[in-house]
Amino acid sequence: MAKKGGYSDQDIEVLEGPDKVRKRPAVIFGSNGIEGCEHSMFEILSNSIDEAREGYGNRIVVTRFLDGSVEVQDFGRGIPVGFNEKYGKYNWELVFCEMYAGGKYKTNSGGSYEYSLGLNGLGLCATQFASEYMEAEIKRDGQKYSLRFEKGFNVGGLISEPYSKKDTGSRIKWKPDLSVFTDISIPLEYYQDVIKRQAIVNSRVHFELKNQIKGGFETFEYYYENGIADYVREIVGDEALSSVQFWTADRVGKDRDDLPEYKVKLNVALTFCNKQQLIEYYHNSSWLEFGGSPEKAVTSAFVSQIDSYLKQNGKYTKTDPKIKFQDISDCLVLVSSSFSTETSYLNQTKKAITNKFIQEAMTEFLRHQLEVYFLENKTEAERICDQVLVNMRSRVKAEATRVSIKKTLSASNDLTNRVQKFVDCRSRDVSVRELFIVEGDSALGACKQARDSEFQALIPVRGKILNCLKSEYDKIFKSEIIVDLIRVLGCGVEVKSKHVKDKNMVTFNLDNLRWNKIIICTDADVDGYQIRTLILTMLYRLTPSLISAGKVFIAESPLYEITSGDQTWFAYTEKEKADALNEIGNKKYTVQRSKGLGENDAEMMNLTTMNPATRRLIKIEPAEAQATAEKFDLLLGDNLAGRKDYIANYGHLYIDMTDVS
């Protein structure tokens, strides 16, 4: 119902002072949750980084306290806090209490900062406004200044005292306000990640992180003498395909003809590696999580130059398509750290830049550097381009496999008509439906008589299926029984490949699973165990999420049927057999080794295998997935040496030692 009274002139409001941030923190920080609180910390850290980059102080200390408060200390020039004649106010009032007040508006015209991470004069003031309290200690001009703010307002004014020591800088401590942010518990991992990134792109600046714990502090230090080049070497270790390259250049240009020129500094460190892949972009030391101009430049330059090399050297075959950047990035480790005196960020969170000139300058720069590098390093160029071709051909094959699988699995929805010998149940309620994967046609007949046709369906496995750990996808999906099983499951498959970025390449969707339980039902003999293992292997490789979701079970078959008079015991272990015989005592009895599923009568099958009230199921627990995967890889995969060692050490445990003398 509409509110009575309409929309009047008096309904218009203006947020003033701290309320500009406290009531709408997401406008400045991108969120009022933990992400926004994290960004507020980065705003203060950014100011200290800008000082160090300008050559004032080479050490920054960040302290994380148990109560959620934070302290950032630098050894730069110290924030100007004296009287500003131009505005008739003290500078501490401007930078701590005025939005859009700061010293970084003249980066392109001889101001105090050139390549500045901070730009808008918002970070310090906005963080102060969003804090429960903020304390500042500033050393400069032979004075030590102190300030305190609570809920965005100054308490006690500026306190000044003489300071005779030579060190200068700023120390700011604050506690984010829980009435502004929904969460202020910034995790230690965030601090570690952010500070390490800043050390990487600010060479020769020492970063120290102190984390308060019960009883004291633990300390982490970050330092990169050669910045991004050292970081790339750290990533690849001794596994690179090529030497680490560090390229740098300075450019001057403009984003539009009628706009002023600005300076750009480009730094790129890179190598190629089969074992590690990493591409990161930074601008004015801010990590560009979403890339923008540098990402477009790298993509364009690398595809253009490597494609040109492949053509000029006759590397493509007649059937090869042109390479894509994905084929290059699969073996590329690259870190770009650019700086400019004018920067157009996507927004205040600085996760992407949009400068047209930076993109153009970086594209031209990288094309030229790659061309020279390939000419001067023929062996490395050949190795790199051959690997890119391998990646491209693997991707093309994976895409062809995906299309083929999708086509194979997207036939008619009438399962009865398209899956041989599949026996469906009547219920359409997925929460009760059970699918029994049974061993052979004879077991199918016995289970069909014993099942509850309302909610239990059956599909037979005709012979031993492929070992899916050792088979290529194209061979796997030529197997009729495997395709039939996947069709009946209904949820698609998960194809794992580094050349397929989408984990669920064939639109795997657990919500489309047609069954509440998938029950593997095989004989309790060597052949039955092998078939069971092969089915589990198939599910592990093609639909591992079914195991993680706890949907896969094994129907446990009894080893013995013991009869005494009109009573029958089913023993699933030797101990249960002994317990039954003890219970029978001196009465006459018969012990019969359990028959195969196809030889059991319907009543026994129902009692021991099908009836939820009396059967035994072994659930494949999600926690066992990793151990199961490792054992599958060892016993069914390509690790021949490991398998030989395992058999030598444990094979005796699996040998039937029956006395045949």
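1. In which sense do strand S10 (residues 206-213) and strand S11 (residues 216-222) pair, and over how many bridges? In this predicted model, S10 and S11 pair in the antiparallel sense, and seven bridges link them. The two strands form a hairpin with two residues between them, and glycine 215, which lies in the turn, has a positive phi of about 95 degrees. Within the hairpin, phenylalanine 207 stands opposite tyrosine 222 in S11.

2. S10 also pairs with strand S1 (residues 59-64), in this case in the parallel sense and over six bridges. Here isoleucine 60 stands opposite phenylalanine 207 in S10, and phenylalanine 207 is the residue that was placed opposite tyrosine 222 of S11 in the point above.

3. On confidence, the chain averages a pLDDT of 86, and 88% of the residues score at least 70. Two stretches deserve a separate remark. Over residues 104-111 the pLDDT is below 50, although this stretch has 21 contacts in the model beyond near neighbours in sequence. Over residues 657-661 the pLDDT is likewise below 50, and this stretch has zero contacts beyond near neighbours in sequence. Where pLDDT is low, the predicted coordinates should not be read in detail.

4. As to the chain overall, the secondary structure comes to 21 helices and 24 strands. Of the 661 residues, 49% count as buried. Among the contacts in the chain with a separation of 6 or more, 68% are accounted for by residues 24 or more positions apart.

5. An open sheet of five strands can be followed in the order S18-S17-S19-S20-S24, and its pairing is mixed. Strand S18 (456-461) and strand S24 (617-619) stand at the edges with a single partner strand each, so one side of each is left without a neighbour in the sheet. Averaged over the sheet, and with direction ignored, neighbouring strands are turned by 25 degrees against each other. At the S24 edge, three bridges join this strand to strand S20 (residues 552-555), and the two run antiparallel; the bridge partner of isoleucine 554 is isoleucine 618 in S24.

6. The five-strand sheet also has a helix across part of it. Helix H15 (residues 480-489) lies across strand S17 (434-439), S18 and strand S19 (517-521), and runs at about 165 degrees to S18.

7. A further open sheet is formed by three strands in the order S22-S21-S23, with antiparallel pairing. Its edge strands are strand S22 (567-571) and strand S23 (590-593), each of which pairs on one side only, and the twist from one strand to the next averages 20 degrees. Five bridges join strand S21 (residues 560-564) to S22, the two running antiparallel, and the bridge partner of glutamate 561 is phenylalanine 570 in S22. Helix H18 (residues 574-584) lies across S21, S22 and S23, and its direction is at about 5 degrees to S21.

8. Among the helix pairs, helix H8 (residues 293-312) and helix H10 (residues 356-376) may be singled out: their axes come within 8 Å and cross at roughly 30 degrees. The crossing in which H8 passes H10 is right-handed. On the H8 side the contact is made by residues including Ala297, Val298, Ala301, Phe302, Ile306 and Tyr309, and on the H10 side by residues including Met362, Leu366, Leu370 and Phe374. Charged residues also take part, among them Lys296 of H8 and Arg367 and Glu371 of H10. By class, the contact has 11 nonpolar, six polar and three charged residues.

9. Finally, two loop residues should be inspected for their backbone angles, given that most residues other than glycine have a negative phi. Aspartate 141, in the loop between strand S5 (131-140) and strand S6 (143-150), has a positive phi near 55 degrees. Asparagine 284, in the loop between strand S14 (278-283) and strand S15 (286-287), has a positive phi near 50 degrees. Are these two residues buried or exposed? Aspartate 141 counts as exposed because its relative accessibility is 60%, where the cut-off for exposed is over 50%. Asparagine 284, by contrast, counts as buried because its relative accessibility is 0%, where the cut-off for buried is under 20%.

How values were computed:
Residues numbered from 1 in each chain as written. Predicted model: local features only at pLDDT ≥ 70, side-chain atom pairs only at ≥ 80, totals over all residues. Heavy atoms only, no water. Pairing = 2+ DSSP bridges. Helix = DSSP H or I, 4+ residues; strand = E, 2+ residues; numbered from the N terminus. Axes fitted to C-alpha atoms, helices over the stretch in contact; angles between N-to-C directions. Contact = heavy atoms within 4.5 Å. Left-handed = near helix turned anticlockwise from the far one by under 90°. pLDDT = per-residue confidence, 0-100. Buried < 20%, exposed > 50% of the residue type's maximum accessible area, 1.4 Å probe, protein only.
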